[in-house]
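Visitor: I have a few quick questions about this one. Can you walk me through it?

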Amino acid sequence: MDLDTLKLNPLGLTYAFSIYREYMEYRLTIDKITPQTKEWTSKVHLIKKPRPRKSKDGKTRFQIVVVQDENEDKVAAVLYGEDIEKDAHKLTPFSTYLISTAKVRIPLPYRVPTNRFEWVIDRFTVVEEVKDDNIQDPPLPPPTRLNTIHFAYLQEQQQNKEFGNHNFTHIIAVVVNCGSIKYDGANSNKCREIIIMDTGMNSFILMLWEDFDDVDGSILAAQVAKYPVIVAKRITRTTYGGLSLSTRYNSVILINPPYPQVGRLQN
């Protein structure tokens, strides 16, 4: 029923507003959603989507994404097995979604929790993308909260400690050179060496291993002449070829993401 029809039918207009009001009553921010919350919808931004991986015994394939709401509160959402492919086209970084009635549970003990709870997205969960042309309920603005570490401080960090703990969550840098594919390490693993530079004009080598080389490395090689900006999450400090940075199994490389810090670095 369109708006003109509703104007000619006051009862229809009243009914439409009652449905909308009831719908908004179920709209909750992340901090209000607990395992006891039965009916809810949350408007969130997908800010982190690592690659799928397998459990240690190789029996379970899973993917952990991170979403945040209008208050920039975050929660991890877990997908398993076939649900990863089912929602792959829906869940794209920095898009806004309405997620309804996912399972809510306490994080598993062997994970570093993002929140006191985590969500499980399965075939019963409703995931609806909020389109850019939605005027009545527009997408959330790009995220602004980004904890970074300057390269000058890397010497002070303990070797092989990831920066995903406490305030050392991300690095942000310009890619100034991108090497070709090579095979290195104890098992002759595929890798690619890129040179990155931060706002203080400090440069570092970042090693992209295996699928990070295949996917992110190929994109960066094609764009390197334009000096793309990357945000790298959950990377490690190593002594490979001297002091350098390296991806690990759950790292995330974002290329020209819509953070305001990236825009300032591009300018």
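Guide: We can take the overall picture, then a pocket, then some single residues.

Guide: This is a predicted model, where local features need pLDDT of at least 70, side-chain atom pairs count only at pLDDT 80 or more, and totals for chains, interfaces and linings use all residues. Residues are numbered from 1 along each chain as its sequence is written, and side-chain values use heavy atoms, leaving out hydrogens and water.

Visitor: How many helices and strands does the protein have?
Guide: Five helices and 16 strands. Both are DSSP runs numbered from the N terminus: helices are H or I with at least four residues, strands are E with at least two.

Visitor: And what share of the residues is buried?
Guide: 43% of the 267 residues. Buried means under 20% relative accessible area, exposed over 50%, and partly exposed in between, with a 1.4 Å probe and protein chains only.

Visitor: OK, pockets. What volume does the second largest pocket have?
Guide: About 400 Å³. A pocket is an open set of points on a 1 Å grid over the protein atoms alone, where a 1.4 Å probe fits, with protein on both sides within 12 Å along at least five of seven lines; lining residues have an atom within 4 Å of a point. The volume is the space filled by probe spheres set on the points, which are joined across faces, edges and corners.

Visitor: Which lining residues are closest to its centre?
Guide: Lys49, Arg51, Pro93, Asp216 and Ile253, out of 22 that line the second largest pocket.

Visitor: Which element gives the most to that lining?
Guide: Strand 16, with four residues. The elements giving two or more are strand 3 (61–68), helix 3 (82–86), helix 4 (211–223) and strand 16 (252–255).

Visitor: Which domains does the lining draw on?
Guide: At least three residues come from each of domain 1 (28–130) and domain 2 (151–264). Those bounds come from an automatic or database domain assignment.

Visitor: Switching to backbone. What is the phi of Phe94?
Guide: About 70 degrees, positive although Phe94 is not a glycine. Most residues other than glycine have a negative phi. Phe94 lies in the loop between helix 3 and strand 5 (96–100).

Visitor: Is Phe94 buried or exposed?
Guide: Phe94 is buried, at 18% relative accessible area.

Visitor: What about Asn256, where does that lie?
Guide: In the loop between strand 16 and helix 5 (260–266). Asn256 also has a positive phi, near 50 degrees. Its relative accessible area is 33%, so Asn256 counts as partly exposed.
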